[in-house]
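Me: I have a structure open here and want to go through it before setting anything up. Can you take some quick questions?

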Amino acid sequence: MQSSAVRGTPQWLRGLLSEEFFDACAVHPAERKNDKNHFCADCAAALCRHCLPHDPSHNVLQIWKYASCFVVRVDDLKLFDCTGIQSHTVSDHEVVFLNERTARKRSACAENPCAACARPLSSGHDYCSLFCKVKHLGESERGLRCALRVNRKAAAAGEEAAGSEPQNGKRPRASSSKAGPSCGGSSGKRSRKQLAPARSPFC
Ligand SMILES: [Zn+2]
Ligand SMILES: [Zn+2]
Ligand SMILES: [Zn+2]
């Protein structure tokens, strides 16, 4: 994968998108069932079941296979905003593909192509995979930063610090304002259009 070429991509995300999951774990070559089917975002490393239990404070994702591709559950992926990525329901869980899918690429007349790879998507989605969202947003560094979430502890600390925005007066829930304060694109459909910052260049 060429995801390392995407500017501003944190190491854990590059690792997640480039890892060959379900290969044998290098730490446990002699164990049975040593396929790497977990990923620790804090260590930016793939783990097998013998690597577990892992540090409980670390953010560990389980990787699944669906249609011969690697997928993660949206609920597990707490560090990245999956808005706009086409999801699939597998065993009652919403999952997204990690990597761009190779089959059926490039359909010139697709009504709703993936913003990065042009693979046709069902309406209401912008990207076929996590990789394509990272790639597309990476072209605008600000966009990728908007989709990245810090871990829970840092997020809690950050929320307190966020009170120091230069915007004064109006509360964020002004009823007549059309542009929401969220930069993640709450409706998904809107996220590919220009954000047109009406009053502030910050997100
Ligand atoms: Zn870890
Ligand atoms: Zn292992
Ligand atoms: Zn795509």
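**Metal sites, core and sheet**

Me: What is the relative accessible area of Cys43?
Reply: Cys43 has a relative accessible area of 38%, so Cys43 counts as partly exposed. Note that this is a predicted model.

Me: Which residues coordinate the zinc ion (ligand 1)?
Reply: Cys43 does so through SG, together with Cys40 (SG), His54 (NE2) and His58 (ND1), at 2.0 to 2.2 Å. The angles among the four donor atoms are 106 to 112°, and the site is tetrahedral.

Me: What's the ideal angle for four tetrahedral donors?
Reply: The ideal value is 109.5 degrees.

Me: And the sequence spacing of the donor residues of ligand 1?
Reply: The spacing is C-x2-C-x10-H-x3-H. Cys43 and His54 link distant parts of the chain, 11 residues apart: Cys43 is in the loop between strand 1 (36-40) and strand 2 (45-48), and His54 is in the loop between strand 2 and strand 3. His54 has a relative accessible area of 23%, so His54 is partly exposed.

Me: Now ligand 3. What coordinates that zinc ion?
Reply: The donors are the SG atoms of Cys114, Cys117, Cys128 and Cys132, at 2.3 Å. The spacing there is C-x2-C-x10-C-x3-C.

Me: Why is the arrangement around ligand 3 called tetrahedral?
Reply: Because the four donor atoms subtend angles of 103 to 122°, and the criterion for four donors is that all angles lie between 85 and 135 degrees.

Me: Are Cys114 and Cys128 buried or exposed?
Reply: Cys114 is buried, and Cys128 is buried too.

Me: Changing topic. How many residues are in the largest nonpolar core?
Reply: That core has 32 residues, and those with the most contacts inside it are Trp12, Leu16, Leu77, Phe80 and Leu130. Elements that give two or more residues to it are helix 1 (11-18), strand 3 (60-66), strand 4 (69-73), helix 2 (130-138) and helix 3 (141-147). Helix 2 supplies the largest share, five residues.

Me: What does Trp12 touch, leaving aside its neighbours within four places in sequence?
Reply: Trp12 is in contact with Phe39, Ala41, Ala44, Leu77, Leu79, Phe80 and Leu148.

Me: Which residues of helix 1 are buried?
Reply: Trp12, Leu13, Gly15, Leu16 and Leu17. Their cover includes strand 1, strand 3 and helix 2.

Me: On to the sheet. What is the strand order?
Reply: The order is 2-1-3-4-6-5, in an open sheet of six strands with antiparallel pairing. Strand 2 and strand 5 (87-90) are at the edges with a single partner strand each, so one side of each has no neighbour in the sheet. From one strand to the next, the twist averages 45°.

Me: How many bridges join strand 1 to strand 2?
Reply: Four, and the two strands run antiparallel. One pairing is Lys36 with Cys48 in strand 2.

Me: Last thing, backbone oddities. Where's the cis peptide bond?
Reply: The cis bond joins Leu52 and Pro53, with omega about 0°. Pro53 is in the loop between strand 2 and strand 3.

Me: Which residues other than glycine have a positive phi?
Reply: Ala67 is one, at about 50°, and Asp92 is another, with phi near 65°. Ala67 is in the loop between strand 3 and strand 4, while Asp92 is in the loop between strand 5 and strand 6. Ala67 is partly exposed at 47% relative accessibility, and Asp92 is exposed at 75%.

Methods: Residues numbered from 1 in each chain as written. Chains lettered and ligands numbered in written order. Predicted model: local features only at pLDDT ≥ 70, side-chain atom pairs only at ≥ 80, totals over all residues. Heavy atoms only, no water. Core = buried A, V, L, I, M, F, W, Y, C linked by side-chain atoms within 4.5 Å. Buried < 20%, exposed > 50% of the residue type's maximum accessible area, 1.4 Å probe, protein only. Contact = heavy atoms within 4.5 Å. Donors = N, O, S within 2.8 Å, 3.2 Å for Na, K, Ca; no water. Tetrahedral: all angles 85-135°; square planar, octahedral: opposite > 155°, others 65-115°. Pairing = 2+ DSSP bridges. Axes fitted to C-alpha atoms, helices over the stretch in contact; angles between N-to-C directions.
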